[in-house]
Amino acid sequence: MHPALDHIALVVFDLDGTLIDSADMLPSDWSMIADDVRRHYADYDGFVVIMGTDTMAYSASALSFMLEGLNKPVIFTGSQLPIGIPRTDGRENLISALMLAAHETDGAPTIQEVAVYFGNHLMRGNRTHKESAQSLQAIISPNHPPLVEAGVEFQIHDAALHKSGSGPLKVHPNMRQEVAWVPLFPGMPMDWLEQSLAWPDLRGVVLATFGSGNAPTSSVMRDLLKA
């Protein structure tokens with residue numbers, strides 16, 4: 001064990017014994033993680049989830065909504081380089097994530113939300129996305145300041161932290177999958193949008209628009225969305 005972790009009691013869980021590529025993550029896997037947190041919530045001060053980077057931001061965002069009333073840390077982390085090679089970023093990411101999961105302020109967990117630790121930053125889970133396949137700062141949070149910056153010491157940004165109060169944890173394990181994500185782009189064929197909206201089981205649509213929410217002024221698009 002690393003000396004920095006000598007004061008932390010660690011328990012390691014392998015979710016179901018089968019390793020998967022993070023690109024294969026499904027809502028059922030998120031439900032499994034959420035249920036593990038629920039079952040062991042009273043047993044531990046914090047939780048660290050280790051996974052691949054491809055769907056880490058998706059997973060952290062999903063868990064942030066599945067774990068209502070969370071007042072303990074659930075921190076996702078991983079690495080760009082495998083942990084067994086000399087230049088891996090995995091060791092620092094894992095050690096810092098564990099230390100932050102155990103960090104307390106005035107006797108209470110400092111972090112009380114789902115977060116991602118990557119590249120010397122702890123970030124709000126539902127504000128992250130993967131920006132690069134090459135940089136060691138692969139996961140970023142462009143629209144929310146970091147919760148913690150790791151240098152010689154942890155620089156904790158108290159104003160950025162979420163505090164959920166002392167209510168009970170409420171887990172929402174089920175997520176609807178009948179949702180379409182439609183990115184808009186110049187010259188987008190309207191029949192593609194029409195086909196997406198024609199899905200019989202469709203329960204919702206997320207439009208990835210331009211800039212601050214702009215979209216083409218096409219009357220065909222307006223009519224499709226109205227319908």
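Here a colleague and a modeller talk through the predicted model shown above.

Colleague: Nice to sit down with this one; which ground rules apply to the residues and values?
Modeller: Residues are numbered from 1 along each chain as its sequence is written, and side-chain values use heavy atoms, with hydrogens and water left out. This is a predicted model, where local features need pLDDT of at least 70 and side-chain atom pairs count only at pLDDT 80 or more, while totals for chains, interfaces and linings use all residues.

Colleague: How many helices and strands are there in the protein chain?
Modeller: Both are DSSP runs, numbered from the N terminus: helices are H or I with at least four residues, strands are E with at least two. On that basis the protein chain has five helices and 14 strands.

Colleague: What share of the residues counts as buried?
Modeller: Buried means under 20% relative accessible area, exposed means over 50%, and partly exposed lies in between, with a 1.4 Å probe and protein chains only. The C-alpha atoms fill a box of roughly 65 × 40 × 40 Å along the principal axes. Of the 227 residues of the protein chain, the buried share is 37%.

Colleague: What is the strand order in the open sheet of six strands?
Modeller: Two strands pair if DSSP finds at least two bridges between them. The pairing in this open sheet is mixed. Its edge strands, each pairing on one side only, are β1 (47-50) and β11 (154-156). The order is β1-β3-β6-β7-β10-β11.

Colleague: Which residue is the bridge partner of L122 in β10?
Modeller: Strand β7 (residues 121-124) and strand β10 (residues 148-150) run antiparallel and are joined by two bridges. In β10, L122 has as its bridge partner V148.

Colleague: At the β1 edge, which residue of β3 stands opposite V49?
Modeller: V49 belongs to the covered face of β1 together with F47, whereas V48 and I50 make up the uncovered one. β1 and β3 pair in the parallel sense over four bridges. Opposite V49 in β3 stands F76.

Colleague: Is T77 buried or exposed, and what is its relative accessible area?
Modeller: T77 has its place in strand β3. Contact means heavy atoms within 4.5 Å, and, leaving aside neighbours within four places in sequence, T77 is in contact with V48, V49, I50, M51, M56, N93, L94, A97 and Y117. T77 is buried, with a relative accessible area of 1%.

Colleague: And T55, is that buried or exposed, and at what relative accessible area?
Modeller: T55 is found in the loop between β1 and α2. Not counting residues up to four places away in sequence, T55 touches S22, A23 and M25. T55 is buried, and its relative accessible area is 13%.

Colleague: Is α1 oblique or parallel to α2?
Modeller: Axes are lines fitted to C-alpha atoms, for helices over the stretch in contact, and angles run from 0 to 180 degrees between N-to-C directions. Angles under 35 degrees count as roughly parallel, over 145 as roughly antiparallel, 65 to 115 as roughly perpendicular and the rest as oblique. The two helices pack at an angle of about 55°, with their axes 10 Å apart. That makes the relation of α1 to α2 oblique.

Colleague: Which residues of α2 make the contact with α1?
Modeller: From the α1 side, the contact is made by W30, S31, I33 and A34. These four are among the buried residues of α1. On the α2 side, the residues are Y58, S59, A62, L63 and M66.

Colleague: Along β13, which side chains point to one face and are buried?
Modeller: In a regular strand the side chains alternate between the two faces of the sheet. Strand β13 (residues 179-183) has V179, W181 and P183 pointing to the other face, and these are not buried. The buried ones are A180 and V182.

Colleague: Which residue of β14 does V179 stand opposite?
Modeller: Five bridges join β13 to strand β14 (residues 204-208), and the two run parallel. In β14, V179 stands opposite G204.

Colleague: Last one: how far apart in space are G213 and I111?
Modeller: G213 has its place in the loop between β14 and α5 (219-226), and is partly exposed, with a relative accessible area of 44%. G213 and I111 are 102 residues apart in sequence, and their C-alpha to C-alpha distance is 32 Å.
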